[in-house]
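Biologist: Before we go through this model together, I would like to learn how its features should be read, one at a time.

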Amino acid sequence: YMSLLGAEGGVGKTGLGNLISMEIAAGRSVLGQHVHLRAPTALFNLEASLEEMERSVAAAAQHHGFDPTELHDLYLNSGRDRRLMMGQPTSEGGTIAFPDKESVVKQAKQAGVALLTVDPFVRSHALTENDNNHMAQAADAWCQVAAEADCALLLVHHTRKGATFEDGIDASRGGKALSDAARVGLVLTRMTAEEAERVSVDPRERWRYVRLGDVKLNLAPPAEKAAWLRLVSVRLNNGTPDYPQGDSVRTLEAWTQTSPFEGLPAVEINDALDMIAEGP
């Protein structure tokens, strides 16, 4: 089936897509979600170069302690090297062609891929994003890839400007036919100022905290509450005499909200409340 991960630019959706692929390739979780199996995964980044993809994976592996042997079956594919084209109009008025569909299915089956991640979805086609008919055909082509290759599919997608967590799956940009075709819809949003104040996060650091919510689940019950993640910078220790600091690359880690009263014994809390009750 097809899952859709939506977020604005710069929130961390690429890093999350990378980590999900790495977790399944390694067969273990680092973000707190249950990993059901260890199996090969294929990651298509249709904007970044292969070198940039390798840096991102290296940063996540270093931060979360992945051994290189765990990621032996993580396949990286860059759209800079060769664009992936899952849908494009033909000259025969209104007809859509799917030039890469059979090739993707064939290679995914040969590698035994269990998860295929495409980031971003908009770069995998040359169709009109706001045309529901076009989006329905593009989604159907990707769903056929998942069915024929017997794998899960994660499409990383942009949300519209100004969208909030409460908008749910409708935050996705473009024709609604795409989100309608997804069995699972995930939305990643930045922490709001009100949320930061409530959990005592420094306003200057608020940009690091992002909320991941299951906003559409056709095949399972929704999570009891949204998961929180934190953006962190990782130094790759790849400095040279000409570039002594080396690369600093961003990845994500799980984050749990803490209470201002955490660690305080109940008796001390009660004493403080008694003092407040007594007044000045």
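**Burial, salt bridges and a helix**

Modeller: Let us begin with one residue: glutamate 253 has a relative accessible area of 17%, and because buried means under 20%, glutamate 253 counts as buried. Please keep in mind throughout that this is a predicted model.

Biologist: With which residue does glutamate 253 form a salt bridge, and is that partner, arginine 230, buried or partly exposed?

Modeller: The salt bridge of glutamate 253 is with arginine 230, and their closest N and O atoms are 2.8 Å apart. Since glutamate 253 belongs to strand S11 (residues 248-255) and arginine 230 to strand S10 (residues 227-235), the pair ties together parts that are 23 residues apart in sequence. Arginine 230, at 23% relative accessibility, counts as partly exposed.

Biologist: How many salt bridges does the structure hold, and which residues are joined into one network by salt bridges that share partners?

Modeller: There are twelve salt bridges in the structure, and those that share partners join Lys101, Glu102 and Glu148 into one network.

Biologist: Which parts of the chain are linked by the salt bridge between arginine 28 and glutamate 70?

Modeller: In that salt bridge the closest N and O atoms of arginine 28 and glutamate 70 are 2.7 Å apart. The pair links distant parts of the chain, with arginine 28 in the loop between H1 and strand S2 (41-45) and glutamate 70, 42 residues apart from it, in the loop between helix H2 (50-64) and strand S3 (74-78). Arginine 28 is partly exposed at 28% relative accessibility, whereas glutamate 70, with a relative accessible area of 15%, is buried.

Biologist: And what do the side chains of glutamate 195 and arginine 211 form?

Modeller: They meet in a salt bridge, at 3.2 Å from N to O. Glutamate 195 is in helix H6 (residues 193-198) and arginine 211 in strand S9 (residues 209-217), so this pair ties together parts that are 16 residues apart in sequence. Both glutamate 195 and arginine 211 are buried.

Biologist: Turning to helices, what span should the 14 residues of helix H1 have, and why is H1 described as largely enclosed?

Modeller: At 1.5 Å a residue, helix H1 (residues 13-26) should span 20 Å, and the 20 Å between its end C-alpha atoms agrees with this. Twelve of its 14 residues are buried, so H1 is largely enclosed by the rest of the structure; among the buried residues are Lys13, Leu16, Asn18, Met22 and Glu23. In general, an α-helix has 3.6 residues a turn, so residues three or four places apart point the same way.

Biologist: Which residue follows H1?

Modeller: H1 is followed by glycine 27, whose phi is positive, near 75°.

Note on methods. Residues are numbered from 1 along each chain as its sequence is written. This is a predicted model: local features need pLDDT of at least 70, side-chain atom pairs count only at pLDDT 80 or more; totals for chains, interfaces and linings use all residues. Side-chain values use heavy atoms; hydrogens and water are left out. Helices (H or I, at least four residues) and strands (E, at least two) are DSSP runs, numbered from the N terminus. The expected span of a helix is 1.5 Å times one less than its number of residues. Buried means under 20% relative accessible area, exposed over 50%, partly exposed in between (1.4 Å probe, protein chains only). A salt bridge is a side-chain nitrogen of Lys or Arg within 4 Å of a carboxyl oxygen of Asp or Glu.
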